[in-house]
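Please read the points below with the model open beside you, and look for each residue as it comes up. They start from one loop residue and move outward to the sheets and the core.

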Amino acid sequence: MAQYVRVTEDESLPAIELPTESDGAILLSTLQAQFPGACGLRYKNPETDSWRGIRLLENMLCPPADEGWGCHLYVVVQKNGKQVDGISLSAVLLHVMIPYM
């Protein structure tokens, strides 16, 4: 049974719920269908107030290993060169180990 994960382009905008696959992953194509140009997801760790990147493996976004998707609000990472919280996209992609395209 699919789980739904709350995803938004910006924390100030309403979220869209995306379905997971049977193994819990979200297809990159599912994310990109709602957010063209998306190349990943991130979320705020409530314990440290730091961003955590979601692993992308073979075009599938893998749920966080420690707790699954949980009830976090996930924010889209775009590959259009935008700054993310004052950090360049290439730095964000390097941090989450997604190859820059």
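1. A good place to begin is His-72, which lies in the loop between β7 and β8. Please keep in mind throughout that this is a predicted model. Is this loop residue buried or exposed? With a relative accessible area of 15%, His-72 counts as buried, because the cut-off for that word is under 20%.

2. What surrounds His-72, once residues up to four places away in sequence are set aside? The residues that His-72 touches are Arg-6, Tyr-43, Lys-44, Pro-46 and Glu-67. With Glu-67 there is also a polar contact, which runs from side chain to side chain at 2.3 Å.

3. Lys-44, one of the residues touched by His-72, leads on to the charged pairs. How many salt bridges does the structure hold? There are 2, and one of them joins Lys-44 to Asp-49, with 3.8 Å between the closest N and O atoms. The two partners can be compared by their accessibility: Lys-44 is partly exposed at 30%, whereas Asp-49 is exposed, with a relative accessible area of 56%.

4. A salt bridge is also formed by Arg-52 and Asp-66, whose closest N and O atoms are 3.3 Å apart. This pair links distant parts of the chain, since Arg-52 belongs to strand β5 while Asp-66 sits in the loop between β7 and β8, 14 residues apart. Arg-52 is partly exposed at 33% relative accessibility, and Asp-66 is exposed at 53%.

5. The strands come next, and you may find it helpful to trace them in order. An open sheet is formed by 5 strands, arranged as β2-β1-β8-β4-β5, and its pairing is mixed. Which strands form its edges? They are β2 (16–19) and β5 (50–53), each of which pairs on one side only. From one strand to the next, the twist averages 45°.

6. Within this sheet, strand β4 (residues 38–45) pairs with strand β8 (residues 74–78) in the antiparallel sense, over 4 bridges. You can check the register at Gly-40, whose bridge partner in β8 is Val-77, and again at Leu-41, which stands opposite Val-76 in β8. β4 also pairs with β5, again in the antiparallel sense and over 4 bridges, and here Lys-44 stands opposite Trp-51 in β5. The hairpin of β4 and β5 has 4 residues between the strands, and in it Asp-49 takes a positive phi near 60°.

7. Another open sheet has 3 strands in the order β3-β7-β6, with antiparallel pairing. Its edge strands are β3 (26–27) and β6 (56–57), each pairing on one side only. Between β3 and strand β7 (residues 60–61) there are 2 bridges in the antiparallel sense, and Ile-26 stands opposite Leu-61 in β7.

8. How much of β4 is covered? Of its 8 residues, 7 are buried, so the strand is mostly covered by the under 20% cut-off. In soluble globular proteins, nonpolar side chains tend to be buried together. The largest nonpolar core in this model has 16 residues, among which Val-7, Leu-31, Leu-41, Leu-61, Trp-69 and Tyr-74 touch the most other members. At least two residues of this core come from each of β1 (4–8), α1 (28–34), β4 and β8, and the largest share, 3 residues, comes from β4.

9. Tyr-74 deserves a closer look as one of those core residues. Neighbours within four places in sequence aside, Tyr-74 is in contact with a list of residues that includes Val-5, Val-7, Leu-41, Tyr-43, Ile-54, Pro-64 and Trp-69.

10. Finally, please look at Val-76, which is found in strand β8 and is buried, at 6% relative accessibility. Val-76 and Leu-41 are 35 residues apart in sequence, yet their C-alpha atoms are 4.7 Å apart in space. Which residues touch Val-76, leaving aside its neighbours within four places in sequence? The contacts are with Val-7, Thr-8, Glu-9, Leu-31, Phe-35, Ala-38, Gly-40 and Leu-41.

Technical notes. Residues are numbered from 1 along each chain as its sequence is written. This is a predicted model: local features need pLDDT of at least 70, side-chain atom pairs count only at pLDDT 80 or more; totals for chains, interfaces and linings use all residues. Side-chain values use heavy atoms; hydrogens and water are left out. Two strands pair if DSSP finds at least two bridges between them. Axes are lines fitted to C-alpha atoms, for helices over the stretch in contact, and angles run from 0 to 180 degrees between N-to-C directions. Buried means under 20% relative accessible area, exposed over 50%, partly exposed in between (1.4 Å probe, protein chains only). A polar contact is a pair of N or O atoms within 3.5 Å; within protein, one must be able to donate a hydrogen and the other to accept it, and residues adjacent in sequence count only if both atoms are side-chain atoms. Contact means heavy atoms within 4.5 Å. A salt bridge is a side-chain nitrogen of Lys or Arg within 4 Å of a carboxyl oxygen of Asp or Glu. A nonpolar core is a set of buried Ala, Val, Leu, Ile, Met, Phe, Trp, Tyr and Cys residues joined through side-chain atoms within 4.5 Å.
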